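Please walk me through this structure, from the way its strands are paired to the residues packed between its elements.

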Amino acid sequence: CSVKNILLKGSSAVVDLEDPQVAKLAIESLNGAEINGVSMQVEAISRRSRKVNKVQIRNIPSHVARESIESIVESYVPGGSIQKYDEVGAEGSVYITFDNPETAQTAINSLDGYQLDGAQLKVDFANNKSPRRSPRSNMTSNSGMNRQELPLRIVVGSEYVGAIIGKGGQTIKNITEQSRARVDIHRRDNNAPETLVTIKGR
């Protein structure tokens with residue numbers, strides 16, 4: 001079979017063919033063909049022959065946490081293929097380094113144009129320069145990616161932990177959504193009178 005890979009992206013599909021002549025024939029045969037009353041548009045796309053295994057993801061909604069981006073990316077690439085993840089506050093972007101260029105290309109094909117909470121992600125190869133992080137500042141920004149991470153650790157009475165979490169975790173969920181901060185309640189020793197709580201800005 002001459003088909004190496006098929007990637008579905010929204011209402012489109014990217015088909016990777018081994019033989020350029022087969023690809024040309026497929027375009028000539030399928031362009032304009034109708035499926036369920038819809039006329040298909042088929043054209044060749046050029047693939048970058050770059051030996052780069054780092055991609056840049058831009059246009060991320062400010063309220064979306066790093067964990068959410070990682071989870072989305074991991075659902076489209078082989079497990080364990082992500083080597084490094086960088087957040088860049090000054091650019092409001094994230095950079096992900098994969099174990100090989102082929103996986104990076106797969107991530108671009110799958111995620112460029114991905115709809116996330118009303119925003120369309122822009123995914124492409126990153127340049128070879130190391131991303132510059134924004135200087136630390138006491139000023140806040142409208143971008144969630146531009147917030148500096150300053151963890152705050154506090155000790156609360158163990159009897160108040162339930163009130164912080166709330167019924168079904170609703171209270172702590174509201175706190176994280178409204179403040180855009182991550183709240184971690186550390187496991188306490190049995191019968192310990194106090195519990196450590198860490199609050200970290202996203």
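Two strands are taken to pair if DSSP finds at least two bridges between them. By that criterion, in what is a predicted model, strand β6 (residues 82-88) and β7 pair in the antiparallel sense over 6 bridges, and one of the matched positions is Lys-84, whose bridge partner in β7 is Thr-97. On its other pairing, β7 is joined to β5 by 4 bridges, and these two strands also run antiparallel; here Gln-56 has Tyr-95 of β7 as its bridge partner. The strand β5 in turn pairs with β10, again in the antiparallel sense and over 4 bridges, with Ile-57 matched to Val-123 in β10.

Taken together, these pairings give an open sheet of 4 strands in the order β6-β7-β5-β10, with antiparallel pairing. The strands β6 and β10 (122-125) stand at the edges, and each has a single partner strand, so one side of each is left without a neighbour in the sheet. If direction is ignored, neighbouring strands of this sheet are turned by 20 degrees against each other on average.

Two helices pack on this sheet. Helix α2 touches β5, β6 and β7, and its direction makes about 145 degrees with that of β6. Helix α3 (residues 101-111) touches β5, β7 and β10, and the angle between its direction and that of β10 is about 155 degrees.

How many of the residues of β7 (residues 93-98) are buried? The count is 6 of 6, so that the strand is mostly covered, where buried stands for a relative accessible area under 20%. The burial concerns both faces of β7, since Ser-93, Tyr-95 and Thr-97 on one side and Val-94, Ile-96 and Phe-98 on the other are all buried.

The side chains can be followed next. In soluble globular proteins, nonpolar side chains tend to be buried together. In this model the largest nonpolar core has 21 residues, and those with the most contacts inside it are Ile-57, Ile-69, Val-73 and Phe-98. The elements that give two or more residues to this core are β5, α2, β7, α3 and β10, and its largest share, 4 residues, comes from α3. Val-73 offers a way to follow the packing residue by residue: leaving aside residues up to four places away in sequence, Val-73 touches Ile-57, Ile-82, Ile-96, Phe-98 and Leu-111. Apart from this, there is a second, separate core of 5 residues, which includes Val-161, Ile-172, Val-183 and Val-197.

Charged side chains add a further set of contacts, for the structure holds 2 salt bridges. In one of them Glu-70 is joined to Arg-66, with the closest N and O atoms 3.5 Å apart; both residues lie in helix α2, 4 residues apart, which is about one turn of the helix. Arg-66 counts as partly exposed, at 32% relative accessibility. The other salt bridge brings together the side chains of Asp-86 and Lys-84, at 4.0 Å from N to O. Are its two members buried or exposed? Asp-86 counts as buried, because its relative accessibility of 8% is under the 20% limit, whereas Lys-84, with a relative accessible area of 47%, is partly exposed. Lys-84 is thus also the residue already met as the bridge partner of Thr-97 in β7.

A link between positions separated along the chain is seen at Thr-106, a residue of helix α3. Thr-106 and Tyr-76 are 30 residues apart in sequence, yet their C-alpha atoms are 7.8 Å apart in space. At 22% relative accessibility, Thr-106 counts as partly exposed.

Finally, the backbone of two loop residues deserves attention. Asn-59, in the loop between β5 (54-58) and α2 (66-74), has a positive phi of about 65 degrees although it is not a glycine. Asp-117, in the loop between β8 (115-116) and β9 (119-120), likewise has a positive phi, of about 50 degrees, and is not a glycine. As for their surroundings, Asn-59 is partly exposed with a relative accessible area of 39%, while Asp-117 is exposed, because its relative accessible area of 55% is over the 50% limit.

Definitions and conventions: Residues numbered from 1 in each chain as written. Predicted model: local features only at pLDDT ≥ 70, side-chain atom pairs only at ≥ 80, totals over all residues. Heavy atoms only, no water. Buried < 20%, exposed > 50% of the residue type's maximum accessible area, 1.4 Å probe, protein only. Axes fitted to C-alpha atoms, helices over the stretch in contact; angles between N-to-C directions. Contact = heavy atoms within 4.5 Å. Core = buried A, V, L, I, M, F, W, Y, C linked by side-chain atoms within 4.5 Å.
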